[in-house]
Amino acid sequence: MPPQRKPDQSAPKTVSPTGVAYEGPKEGRDPRAQAGDFLTSSQGVRIPDTDHSLKAGVRGPTLLEDFHLREKIMHFDHERIPERVVHARGAGAHGVFTAYGNAAGVTKAAVLAEEGLETPVFVRFSTVLGSRGSADTARDTRGFATKFYTKEGTWDLVGNNMPVFFIQDAIKFPDVIHAAKPHPDREIPQAQSAHDTFWDFVTLHTEATHHTIWNMSDRGIPRSFRMMEGFGVHTFRLVNAEGETSLVKFHWKPVLGVHSLTWEEAQLAAGFDPDFHRRDLYDAIEAGAFPEWELGIQVMPDTEDETFEGIDLLDPTKIVPEELCPVQRIGKLVLNGNPTNFFAETEQVAFHTGHVVPGIEFSNDPLLQGRNFSYLDTQLTRLGGPNFSQIPINRPHVPVNDNARDGFHQHAVHEGLAPYKPNSVDDDSPAVADARHGAYVNVPRKVEGEVVRGAPASFDDHFSHAALFYASLSEPEQVHVTEAYTFELGKVYEKAIKERALTVLAKIDGDLCAKVAAGLGLPAPKPDPVEHLAPSPALAQVTGETFPITGRIVGIVAGPDSDVAGITALRTALEAEGAVARVIAPFGGELGKDTNKEIIERTFVTARSIEFDAVVVADGAPKDKDIKSVVLLQEAFRQLKAFGAWGDGAEVLAAAGIDTSGPGVFTAETGEALAADLIAAVGQHKVWEREPLVMSSAVPPAA
């Protein structure tokens, strides 16, 4: 028998092409997967040999009548479908969303309003620019798209890990993507914004300034999908049971906190483990460390001018600081199932901003309005026609009776003679519903205005929110922004583009501009800072707050003479907090003997610093200064990770040039005694106090 689906894997719910749930066979395979125990053709004919073509003699020509060969090759030749134009590189997972019920006052949508209601979901995370085969850790915006299979129909919340976008109007979407994608002559660089055409566009089309500085911040290189905020980006309109409306912005708040990689980690991971983020997601779910987020909303009055505290809510390049409008937590998302098949689920899932349910409506945000067209249109080519909603991962979990017929890949076998309204032939079926029967009935609102291509005057403010964001960051984060701009603009060839970028930075912060200019070897323009709102502490990642370490990975460097009991004690303490310990040694196999054993999960050849959130050296670890071990330790130290050692393990750190009395380095007599300090440090994500000591390219030697 083939291997069974793992406990952490879950296929889409068994739902018919027309949305009706049904039970598969009581035993055996899922009805949407393979059936039977024999190899067959696609027509169900059993095949006796799939290793040799049908020939005229063993050395003769292949015969055209070999239907199995022709069918097998034909299908193989067409296994790939067009990748997404943007968000091609992604990873997904199944889960459940549970409503707290406290949103009932602002929306009648059951998925948000009914306390305790559990709604199945599928979430896809992605990068924007790279192709399907690009690296996970490129500096980029991440997609955070959630499909809610609600009892009132499918709702898609199609967001990003940044709350703003490069453009204010959807008509500019082809321009920004054409500019950001690889240069069309040589198809390089892949999955990067560090090139001339991107910076040419964003420095001319300055409404992109706010999103650009988010990309240059640590938000552009998240540590994990599990440690990433999500935002709906746009303003939406919620409607309650009484027909009252509010304007809202959606937020996903990760339980593990918001954390990022260092730039060195991101670059190393792109080479050593380009699947870094998707592996992290899958491994966490498989280990039972289910990723969790709380869904929050900022609720604002639905006024005629659609502004709040002077902020235009229709402008997707602006934020509403949480200090002005707090985020109300209204539910929790838990991802608890990996896909059974990547292509069938993660690749074929189709999200659309226009998929909404009663109680959730749109605002006049011009970017949202265009997405409501584009996200439907793009599926026609990518998924082969208008019936993509019948693919299992896309099927609603409620009955579907839409009068749509035929088209490519039609899976439903429709009955009746009259797929039109009105009709008398089929007794005027299906009936239209009213609000009392759960219909999506728009709240009446006045819409008027002159036909014009233009934008309101408030859209002309391109710099104040970028300046607000930069002013809100902690000192380490501001340093990283400076380095990111210097790196990216350092990859630009045209001097005029660099100079234009500096004039933009001069409006954000004079010190930022001066430091980037110095890094580029160019004169800094005169500071021209714009006025902005008071700094928003909610925008900073480095706050001193301690977070759970669920799913964090601690590497323990050891060898054949190491204190195995100490390793076991430290592992036990870490696992009690939901963390993972992995033993690293010069060779594979096991350490210890009899009942006191530890499996070696990484060797000095297979381990690299990027995999670990902290590194510990065990008593008795090898002291031969193995270069691979030294490189691992020095990299991890530069990457601001917590360090520990017990017994003579401290000698290994010292030999690698690591000061055992430095920030974030803990020593103890036993592995168990080390645990508390290590756990607390990992909960801080990084040892930021160490950063000024390791800004050079090499770890400074111990005093």
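## Helix packing and enclosed space

In helix α4, Asp196, Trp199, Asp200, Thr203 and Leu204 meet Ile497, Arg500, Ala501 and Val504 of helix α12. Sorted by character, the residues of this contact are five nonpolar, one polar and three charged. Please keep in mind that the model is a predicted one. Two topics are worth a look here: how these helices pack, and what lines the largest cavity.

**How α4 and α12 pack**

- Helix α4 covers residues 196-204 and helix α12 covers residues 495-508; their axes lie 9 Å apart, at an angle of about 40°.
- That angle makes α4 oblique to α12, because it falls outside the range under 35 degrees that counts as roughly parallel and also outside the 65 to 115 degrees that count as roughly perpendicular.
- The crossing of α4 past α12 is left-handed.

**Cavities**

- The model holds eight cavities of 30 Å³ or more.
- The largest cavity has about 170 Å³ of space.

**Lining of the largest cavity**

- Which residues lie nearest the centre of the largest cavity? They are Pro163, Phe231, His251, Ile319 and Val320, out of 20 residues that line this cavity.
- If you are browsing by secondary structure, strand β7 (residues 245-254) is a good place to begin: with three residues, β7 gives the most to the lining of the largest cavity.
- By character, the lining of the largest cavity consists of ten nonpolar, five polar and five charged residues.

Methods: Residues are numbered from 1 along each chain as its sequence is written. This is a predicted model: local features need pLDDT of at least 70, side-chain atom pairs count only at pLDDT 80 or more; totals for chains, interfaces and linings use all residues. Side-chain values use heavy atoms; hydrogens and water are left out. On a 1 Å grid over the protein atoms alone, a cavity is a set of points where a 1.4 Å probe fits but cannot get out, and a pocket is an open set with protein on both sides within 12 Å along at least five of seven lines; lining residues have an atom within 4 Å of a point. Grid points are joined across faces, edges and corners, and a volume is the space filled by probe spheres set on the points. Helices (H or I, at least four residues) and strands (E, at least two) are DSSP runs, numbered from the N terminus. Ala, Val, Leu, Ile, Met, Phe, Trp, Tyr, Cys and Pro count as nonpolar, Asp, Glu, Lys and Arg as charged, and the others, Gly among them, as polar. Axes are lines fitted to C-alpha atoms, for helices over the stretch in contact, and angles run from 0 to 180 degrees between N-to-C directions. Angles under 35 degrees count as roughly parallel, over 145 as roughly antiparallel, 65 to 115 as roughly perpendicular and the rest as oblique. A crossing is left-handed if the near helix is turned anticlockwise from the far one by less than a right angle, and right-handed if clockwise. Contact means heavy atoms within 4.5 Å.
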